[in-house]
Amino acid sequence: MAKIEAIEIKIGQVWTPNDPRFRDVCFTRYQVVAITPDRVIFDVITKPDGSPVARPRRVRILRDRVKPTSTGYRLVVEAP
């Protein structure tokens with residue numbers, strides 16, 4: 001089994017779901033706003049169609065899921 005490279009999670013990064021079933025149709029983007037020992041707190045900044053949201057919704061995702069696997073998330077924009 002291949003080892004997944006750990007990516008340092010930083011405030012300001014933008015992530016997207018990495019599910020191969022939706023890779024070409026789901027363009028939801030999540031921006032990291034806070035990090036806790038077990039979760040990453042994101043603001044949802046785009047809808048699945050890629051259009052911006054009027055008011056970002058806050059979500060919490062387990063840190064173990066924020067990695068580039070088929071059931072995880074992948075980094076699309078590095079923190080400024």
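User: Hello! Before we look around, what does contact mean here?

Analyst: Happy to start there. In this predicted model, two residues are in contact when heavy atoms lie within 4.5 Å.

User: Which residues is F42 in contact with, leaving aside its neighbours within four places in sequence?

Analyst: F42 belongs to strand β3, which covers residues 39-46. With neighbours within four places in sequence left aside, the contacts of F42 are W15, Y30, Q31, V32, V33, R57, R58, V59, I61 and V66.

User: Which residues make up the largest nonpolar core?

Analyst: As a background thought, nonpolar side chains in soluble globular proteins tend to be buried together. Here the largest nonpolar core numbers 11 residues, and F42 is one of them. The full set is I9, W15, Y30, V32, V40, F42, V44, V59, I61, V66 and Y73.

User: Which element gives the largest share of this core?

Analyst: Two or more residues come from each of β2, β3 and β4. The largest share is three residues, and the strand that gives it is β3.

User: How many residues of β3 are buried?

Analyst: Strand β3 has eight residues and is mostly covered. The number of buried residues among them is six.

User: How many bridges join β3 to β2, and how many join β3 to β4?

Analyst: β2 and β3 run antiparallel, with a hairpin of three residues joining them, and R29 has T46 as its bridge partner. β3 and β4 also run antiparallel, and V40 is partnered with I61. The bridges number six for β2 with β3, and seven for β3 with β4.

User: Which residue in the turn between β3 and β4 has a positive phi?

Analyst: Five residues lie between these two strands in their hairpin. One residue in this turn has a phi of about 95 degrees, and that residue is G50.

User: Which strands stand at the edges of the sheet?

Analyst: The open sheet has five antiparallel strands in the order β4-β3-β2-β1-β5. An edge strand has a single partner, so one of its sides is left without a neighbour in the sheet. The strands in that position are β4 and β5.

User: Is N18 buried or exposed?

Analyst: N18 sits in the loop between β1 and β2. Its relative accessibility is 8%, and buried means under 20%. Therefore N18 counts as buried.

User: Which side chain makes a polar contact with the side chain of N18?

Analyst: Leaving aside neighbours within four places in sequence, N18 is in contact with several residues, including P68, T69 and Y73. The polar contact between side chains is at 3.2 Å, and the partner of N18 is R74.

Conventions
Residues are numbered from 1 along each chain as its sequence is written. This is a predicted model: local features need pLDDT of at least 70, side-chain atom pairs count only at pLDDT 80 or more; totals for chains, interfaces and linings use all residues. Side-chain values use heavy atoms; hydrogens and water are left out. Helices (H or I, at least four residues) and strands (E, at least two) are DSSP runs, numbered from the N terminus. Buried means under 20% relative accessible area, exposed over 50%, partly exposed in between (1.4 Å probe, protein chains only). A polar contact is a pair of N or O atoms within 3.5 Å; within protein, one must be able to donate a hydrogen and the other to accept it, and residues adjacent in sequence count only if both atoms are side-chain atoms. Two strands pair if DSSP finds at least two bridges between them. A nonpolar core is a set of buried Ala, Val, Leu, Ile, Met, Phe, Trp, Tyr and Cys residues joined through side-chain atoms within 4.5 Å.
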